[in-house]
Amino acid sequence: MFLYNLSLNPPTAINKAIYGNFSGTKQQEIIVARHTRLELLRPDPTTGKVHTVLAHDCFGLVRSISPFRLTGGSKDYVIVGSDSGRITILEYNPVKNTFDKVHQETYGKSGLRRIVPGQYLATDPKGRAVMIGAVEKQKLVYILNRDSAARLTISSPLEAHKSHTLIHDCVGLDVGFDNPIFACLEIDYSEADNDPTGEALKDTEKILTYYELDLGLNHVVRKWSEPVDYKANMLIPVPGGTDGPSGVLVCTENFIAYKHQDMQEHRIPIPRRAQPLEDPSRGIIISNYAVHRMKVNRQSQFFLLLQSEEGDVYKVTIDHQDNIVNGITIKYFDTLPVSTGICILKSGFLFSASEFGNHYLYSFEKLGDDEDDPEISSADYMEAEAAQEETPLVYFKPRPLKNLLLVDELESLAPLVDAKVLNLTDDDTPQIFGICGRGARSTFRILRHGLEVSEMAVSELPGNPSAVWTTKLKADDEYHSYIVVSFINATLVLSIGETVEEVTDTGFLATSPTIAVEQLGEDSLIQVYPQGIRHIRADRRVNEWRAPSEKTIVQAAANHRQVAIALSSGEIVYFELDNTGQLNEHQDRREMGEIITSLAIGDVPEGRQRARFLAVGLEDCTVRILSLDPDSCLESVSMQAAQGVPSSLCIIEMMDTGNEIGHGTQYLNIGLNNGLLMRTVLDNVNGQLSDTRTRFLGAKAVQLFKIKIQGNPAMLALSTRSWLTYTFQNRLYLTPLSYEQLEFGTAFISEQCPEGVVAVAKNTLRIFTIDKLGVVFNQSIIPLTYTPRRFILHPATKNFVIIESDHATFSPEAKREGLIEKERDGFEIDDEVTNLDPLQFGHVRNTAGKWASCIRVISPFQGDTLQQIELEENEAAFSVALVQFRNNPHSTDSNEQFVVVGTGKDVTLAPRTCSSGFIHLYRFVQGEDEQNQTLELVHKTAVEDVPTALLGFQGRLLAGVGKALRIYDVGKKKLLRKCETKSVPNAITSLHTQGDRIVIGDIQESVIFAVYKHIDNRIIVFADDTTPRWTTTSTMVDYDTVAGGDKFGNFFINRLPTNVSEESDDDPAGGRLLYEKGYLGGAPHRSDNVAHYFVGDILSSLHRTTLVSGGRDVLLYTTFLGSIGIFVPFVSKEDVDFFQTLEMHMRSVAPPLAGRDHLAYRGYYVPVHNVIDGDLCEQYNSLPAEKKRSIAEELDRTVMEVQKKIEDMRIRSGY
């Protein structure tokens, strides 16, 4: 078995975010690391939307990124610390839209190792040096400079190692142009390591150390060190030089200290929420920060925003004079979701890369200067600290956002806990239903294949229109002036202004349908209608060309200098605009001899007088290309045979792969009446057609229309579904729109809508925009209360049942009781504080071992919650299944399906214990509103451990309760245990079944095969895996084959040997299996590993499914960090050989950006086996032309053939 891995949706979680002027312009951009990818984001200062400019897969784990700028430079570089054992310096090239590798220096082994640098990156603010540090011992300093040609240079590494030392943080100090200094937060464990009593550990100190790089002597020295609080976790550099006093803020549990060599220490508290249920003994730490410098009255000023692990953001200001700190103040600013990176941009925006859930862009409304908000100074705090023995706690009252305003959000699926692939709406592609998020910001998401559409306006028309056009009045107008709507027997002209209104004095013929409308020359318009052509001049004079008697115009195509029409007799008449603005007919007409079904003419190239070719679609299933050159006008140049009658043609130049800016590839798109779209390259010089690609769009004839998206040409293709062809990051995409079926469309540009589409759907006119390009799925979101764990579909009602549970969280009942108790103790309860919006502030934290949990019923069609059952008495739900019991005393209908939920009471996570487990049995009953069905508890069965996996099995319930695997049947008052085996080593995480075979996923020991024998009522384990794996998900590919994923990011496929499989089925009582001797302490047999691959992320679900109608079966996987991908099985050995060779060449020609070896990366823990990386193969499209050619020659193919093969692998199996 050979598989081809393709990403459908890249990881959406962000682990690092930085900002700078990476393009070399004044506009600031953001670079985010999505674990294995680097993305360049550009916030639009006018609209507040964040656009993805470039995304690049690094095929390595990005651990740290940092911007730096050489002294006097205007452009920022990016330094990347990864798992490659190399430091990489990248530069963004705005012309080619790529990251260029400037330097790559090897310093250690690959992989995530304790003593190999890469975890910490600290740059000197003046761009002179960078320190890259490991978690333990090693720190290397590189000096950065320019050579005579102004190119960046990097020195050999200078060591700043210290053995037996753990590093907690590392930053570059701002010291102006003095020798660069790096501050590290270290702890020396050498004494604790040699002391068996553990006494030395208590005396171990955490130390703040300054390392100075002496640029004159070219070495690094330890300049200064001072003990800090043992719970210190983060360093924040304070601006220095001419901007501030320099030094660092040392963030510790509950307080922040300012420290610097030869300076007095200042301490401020971390304010806590004035929440009556809050545990005062629980410390609060700072998890993130941002520093913002600004000029006020020509004076340099700065402030710091610090975010706590609760999400509260504090503003810290430092009062300083002559580089001496007089005091520090802190005040509550706002509350944002906990983030991994905060970027403050000069354009007045704040970007927050959330740890979990969507990422947000805010604009500053105020800078937190309100005097209403209390401010705590270091002087007051240190005075109170001296007066008290314990550290004083300072409280603030949380409130909704006041200083920030949300302007945009980037959707993120992370963490994607579980997913299912189902087709509930009977579309041509299935939907992916996923449960995502953590705590109060958790969501249930419905993902549909298609681009999201923002609807601007919908207006009803007096009939069903057949076509719509928009037109400018003059060639240099910025906006469109008219919308022209054609009906069966009339034409309606609407004027575009503040509102859209009907106008009658335009010169258009209103009593006839229209075939084409175009703005011609400098300032005239043409209307083509069945009886002729109206040429409307700027002064409203109309020149009319009449069609010959007994002939009508059936098709037309035009650009702003040329017009071509097709008559019902099969003739083509061609017109061209002369220098006086007159439309002249060409002397010859071309008789095609067939009925003409469609025409297309390209736009006039810049600096030319005419487009060179006319495309003609004929009834005989061919498309002819005719020359429009004056010397050989209307002569046939080339021909393309089609698989159906052409219903629509479009010649369009697309700015796609690897071409210079301003010049793209000219394509002829052919829409056929059988729903196929053909795309073929049209040569600009000789009109020859080559490289034909075909795609099925729907069951209706395809209509094609030119539009513009983000300033580039794009094409709308309408069939039973609307599709958009566009270029994004130099790559051509064909993606459906998540919108109603459209019949006709055209570009729409107005003041309110600078880049829209106006389209006809039945009897309505719709105006919409398409904002998010490059996105495969559009999402519908339903909010949840707690972290979702598992979910199932109830097929009869098409509703979902979701179980949610959160650890260390107050349940509603526990919260109510806690508040009553606090009131009894004399606390004053403020309703505003106790009833804060959990979406912004999260749930109130409880002590470990306390749970909040619920069972929720959701309707995906209504998009809301139908029922929510809160679990009380510290119960938490962990598993759910749908079971149809064969003998059921609670139901007369033998087909009724019951919902089974496994819960645990007083569960502790480490060590994993519980006071008892329960299996709840629910049934669906008619709700009070007679509309929806709700869950009703039938009974509850106590078990001794948490039921972590449940499954319907032959009319009974198969339950994994801790280590035990049991079969239960339903009784009147509780479930009845019928059969049990305790042969599972640790704990059961997943169950699958086919026939009598049961596949068990163990938390630590991979996948186990068992069989149920009816005669003896016994479950017998007969095969397991050769490798212990920490299984997170699994699925049965077929009767003998299981695919799974583990918590280290590995994907594997195991298959039973044929003789073992047959033996397990042929033994009726299981006697031979039962008494077979176990092998090496396990089952008697082993499954064979047939495929292995490192995905780079924890797999959270796996499904065997078909994504495109008529496509092959694929394995779809989802991962914890929000990525979605597929494994496509190869059907021929020839394809395997081709892609293996291509992958081999790609590894050498285009090595990964961060310096990781691709083969070693995909074989991180176990060598990659029988899986080809499709994402690497697809990077072939972005290679320079000469590299493409050399690889294609090695493969004995042309470049176009290689590209077509790569594209076919994706479109035939996925999107």
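## Phe-878 and its partner

In this predicted model, Phe-878 has a relative accessibility of 14%, so it counts as buried. Is its neighbour Trp-851 buried or exposed? Trp-851 is buried too, because its relative accessible area is 4%, and the cut-off for buried is under 20%.

The ring centres of Trp-851 and Phe-878 lie 5.5 Å apart with the planes at 75°, so this pair is edge-to-face. Trp-851 sits in strand β69 (residues 851-859) and Phe-878 in strand β71 (residues 875-883), so the pair links parts of the chain 27 residues apart.

## Another aromatic pair

How many aromatic pairs does a search of the whole structure find? It finds 37. One of them joins Phe-433 and Phe-800, a tilted pair with 4.9 Å from centre to centre and 40° between the planes. Phe-433 belongs to strand β35 and Phe-800 to strand β68, so the pair ties together parts that are 367 residues apart in sequence. Both Phe-433 and Phe-800 are buried.

## The two sides of helix α3

Now let's look at a helix. In α3 (residues 378-387), the buried residues are Ser-378, Tyr-381 and Glu-385. They lie on the same side of α3, because they cover an arc of only 65° around the axis. These buried residues pack against β21, β22, β27 and β31. On the other side, Ala-379, Glu-383, Ala-386 and Ala-387 are exposed.

## Phe-1048 at the surface

Phe-1048 lies in the loop between β84 and β85 and is partly exposed, with a relative accessible area of 38%. Together with Ile-1003, Trp-1030, Tyr-1165 and Val-1166, Phe-1048 forms a nonpolar surface patch with about 420 Å² of accessible area. Phe-1048 also belongs to an aromatic cluster with Phe-1094, Tyr-1161, Tyr-1164 and Tyr-1165.

How values were computed:
Residues numbered from 1 in each chain as written. Predicted model: local features only at pLDDT ≥ 70, side-chain atom pairs only at ≥ 80, totals over all residues. Heavy atoms only, no water. Buried < 20%, exposed > 50% of the residue type's maximum accessible area, 1.4 Å probe, protein only. Helix = DSSP H or I, 4+ residues; strand = E, 2+ residues; numbered from the N terminus. Arc of directions from axis to C-beta. Contact = heavy atoms within 4.5 Å. Patch = residues over 30% accessible without salt bridge, like charges linked within 9 Å, V, L, I, M, F, W, Y side chains within 5 Å. Areas by Shrake-Rupley, 256 points an atom, 1.4 Å probe, with all protein chains shown as cover. Salt bridge = Lys/Arg side-chain N within 4 Å of Asp/Glu carboxyl O. Phe/Tyr/Trp six-rings, centres within 6.5 Å; stacked < 30°, edge-to-face > 60°.
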